[in-house]
Amino acid sequence: MPSKPSRSAGRRGRRDVTALTYRQPKPPHRQQLEALGGRWLDPGTAAAVSDVDPEQTAYVGRHLVVAAFCDERQVLADLNSVAASLGWVVAPDSGYESARAKGRDGESDLGVTRLTVRVRDGVVASAPDAWRLLQQCRAELGVDTMFGVGLDHLMSLSPRTTGNPVESSHPVESSHPVESSHPVDVFDPVESSHPVESSHPVDSYAVSSYGRPGSGGRQPITYVGARPHRHRSVKGRRPVIGILDTGCGQHDWLDDVVDKDVTLDGRPIGYTDPDTDPERLGDLVGPLDGGIDPLSGHGTFISGLVHQTCPDADIVSWRIVKSSGPLVESDWMHALTKIVELVRRYYEGGRGGRPIDVLNLSMGYYHETPQDRLFSPSLRHLLGLLGKCGTTVVCSAGNDATARPQFPAAFAPWKPARRRTRPRQDRVPVVSVGALNPNLTSVALFSNTGPWVRAYEPGASVLSTMPPLQGGLEPMARTRAFGHEREAIDPDNFRRGRDETGGFAVWSGTSFAAPVLAGKIARELVGHLPRRRSDDSKTAAVARGWKAVAEVTDIRQ
C-alpha cells in the first residue's frame, strides 16, 4: 500500500486531504429505523448535557445496555428514579437472553444486559427515548454514575448505516427502461433511477458509482477457472476462521468447508430459523417486487473470499444479520460473548470448546462519545479476551468515505500510536481493513480511512461465491433459435447450470476486504497449529497470532 500519492495524482494537482474534518455518515433508511424502533441521534436537536458532546449515531429508542461489571440493581434504581419524572419505567428486557462470560485472569465479567424503557401505566407521556433518559440521569446524578450504561446501537452492513457493502439507492430501477436510440439496445437497464443524485448532501456520483452493477455493484458473473485447491490433509490442525454475518448458503465450493451448526452447550448462536435465512430465500423484506434484499448472499460471498485466500482453512459461519439489516448491538454482543466462551473453553479444557484462530466482522457502528469515559468498555473487553486467546479479530473499516472512527475496527492500534490504542504483547490486536480498487494501488473512494485503518485489501469489484438466488427481474429479451434458448443477461439470477447450484458475483465493499485479510492471516498459520488441544496454550496461540499479523500488516508489538 503506497504511503504517498502516485505520480499521476501529483501531475493532476490532487491535494492531500488528511487535515480535513471527516464527514458524517448517512442516516439509515427510515424503514430500517422504524422496523427496530430506531432513532437517529442528531447533535443539533438531541438532548444536551454539559461536558457531553455527542456525535451522530443510530440506536434503538427503547433500549439501554448495561455492562456486566455494573451493579445492575443499583443502575435500575438510578434510572427509574429519573424516568419517573418523564412518565417512563425501566425494566430488564424479558425477551433478551443475557449471555455473560465470567472473566478469568483478572478480567471482569463480560457481556451486557439489555433494559427496556416504556411508558408507565396510566400515564400519557412522550415516546421513550433512551438517549434523553441517559442524558437526564447524567445531569441529575452525575456523568460517572452512568458509566457502563449506554445506547443499544444499530450496526449494519447496509449502505444507509455503515455502508457495507456499497449499494445504489434504487438498484433495480431504471430511469428510462424502454428508451433507446437503437431498437435492440437499452443503456444500463439495471442502473438506479438517479445515478448522479443522492439524498445525502455530501455524497458524490464517484463514490456511489460503486453500487451500480457494471461499476462494482452486486451482479452475476461467470467464473471458468478451477475451484481453490484444498489439500487433503495439512500438518497439525487446520486454521479455523469464524464469520459472523448473514450465514452461508449452498455452494459446491463451500458445502464441505463451512460448518453452520456450532453451538454453545446446545444453544444456537445467532438465528437458525430456515424461513428467515437470507442465503436461502433472497427476498424477505421490502416491496413485493421480487427484488433480492440488499444483504442476501453477503455471508456466502464472504465465505468464498476466505476460501479463495486460504483453501486449507475450515470456516465456521453464524447467522446474526438479517437480509436488510441493521443489526442490534446487544444481539451482536450476545453472540460474541458465546463465541468468547467457546474459544476460552478450548484453551482451558472446558467441555464443548472450539478454536477460532481468526474472526471476521464485516460490520460496524459510529459511537456518539468515543473519546471519553462514556464509551462503554464492554466490547473492548470481549475483543481483548479473544485476543488473549490468540484469536485475531479482523474488522471492515466501513464505506462512508470518512475518517470518522468506526467500531469495532477503530479498536485496532492507531498509527501513530495513541495511549489507548497501542498494541499489547499479551494479546493479538484487532486488525482494521479498508478496500483497494482492482488496480491494487489505490484506495477505493468509498472506503473509510484514517490512522485507525491499518491494512488495505481488494474490496472493489471482487469476485466470489453466491448462493443460488434468483430475483424477480428478467432478461431484457428472450427468444429461441436453432433449438437453443437465447436471452440477455438476467441481472439478478445467481444460479449456475441446469442443476441450479450457487454461482458467482461481483460486489464491492470493505465488507469484502476484511475476509481477504482474514484468509491471509489464516494462511500464515497453516502447518503451525498443533493437532491436539493438550499440546496448545493461550501463550503459544498469541505468539503465532502476532507473527501472522506482522507478516501481512505493518502492525508490530
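Is Cys70 buried or exposed? I began my notes on this predicted model with that small puzzle. Cys70 has a relative accessibility of 13%, so I put it down as buried, the cut-off being under 20%.

**Entry 1, cysteines.** I looked up Cys248 as well, and at 5% relative accessibility Cys248 counts as buried too. Next I wanted to know how many disulfides there are. My search of the whole structure came back with 0.

**Entry 2, aromatic pairs.** How many aromatic pairs does the structure hold? I found 11. One of them joins Phe69 and Phe147, with ring centres 5.8 Å apart and planes at 35°, which goes into my notes as tilted. I then checked where the two residues sit. Phe69 belongs to the loop between β2 (57–67) and α3 (72–83), while Phe147 belongs to the loop between α4 (130–141) and β5 (149–155), so this pair ties together parts that lie 78 residues apart in sequence. As for solvent, Phe69 is partly exposed with a relative accessible area of 31%, and Phe147 is partly exposed with 24%.

**Entry 3, a second pair.** I moved on to Phe301 and Trp507, an edge-to-face pair with 5.5 Å from centre to centre and 85° between the planes. Which elements does this pair link? Phe301 is in helix α6 (residues 298–309) and Trp507 is in strand β20 (residues 504–507), so I have distant parts of the chain, 206 residues apart, joined by one pair. I also looked up burial here, and both Phe301 and Trp507 are buried.

**Entry 4, a cluster.** Which residues do ring pairs link into a cluster? I wrote down Tyr223, Trp253 and Phe504.

**Entry 5, Arg280.** My last stop was Arg280, which I located in the loop between β8 (258–259) and α6. At 46% relative accessibility, Arg280 counts as partly exposed. Leaving aside residues up to four places away in sequence, I see Arg280 touching Pro274, Asp275 and Leu469. What does the side chain of Arg280 reach at 2.9 Å? I traced that to the backbone oxygen of Pro274. The side chain of Arg280 also makes a polar contact with the side chain of Asp275, at 3.4 Å. Finally, I checked Arg280 against Ser296: the two are 16 residues apart in sequence, and their C-alpha atoms are 8.4 Å apart in space.

Terms used
Residues are numbered from 1 along each chain as its sequence is written. This is a predicted model: local features need pLDDT of at least 70, side-chain atom pairs count only at pLDDT 80 or more; totals for chains, interfaces and linings use all residues. Side-chain values use heavy atoms; hydrogens and water are left out. A disulfide is a pair of cysteine sulfur atoms within 2.5 Å. Buried means under 20% relative accessible area, exposed over 50%, partly exposed in between (1.4 Å probe, protein chains only). Rings of Phe, Tyr and Trp (its six-membered ring) pair if their centres lie within 6.5 Å; planes under 30 degrees apart count as stacked, over 60 as edge-to-face and the rest as tilted. Helices (H or I, at least four residues) and strands (E, at least two) are DSSP runs, numbered from the N terminus. Contact means heavy atoms within 4.5 Å. A polar contact is a pair of N or O atoms within 3.5 Å; within protein, one must be able to donate a hydrogen and the other to accept it, and residues adjacent in sequence count only if both atoms are side-chain atoms.
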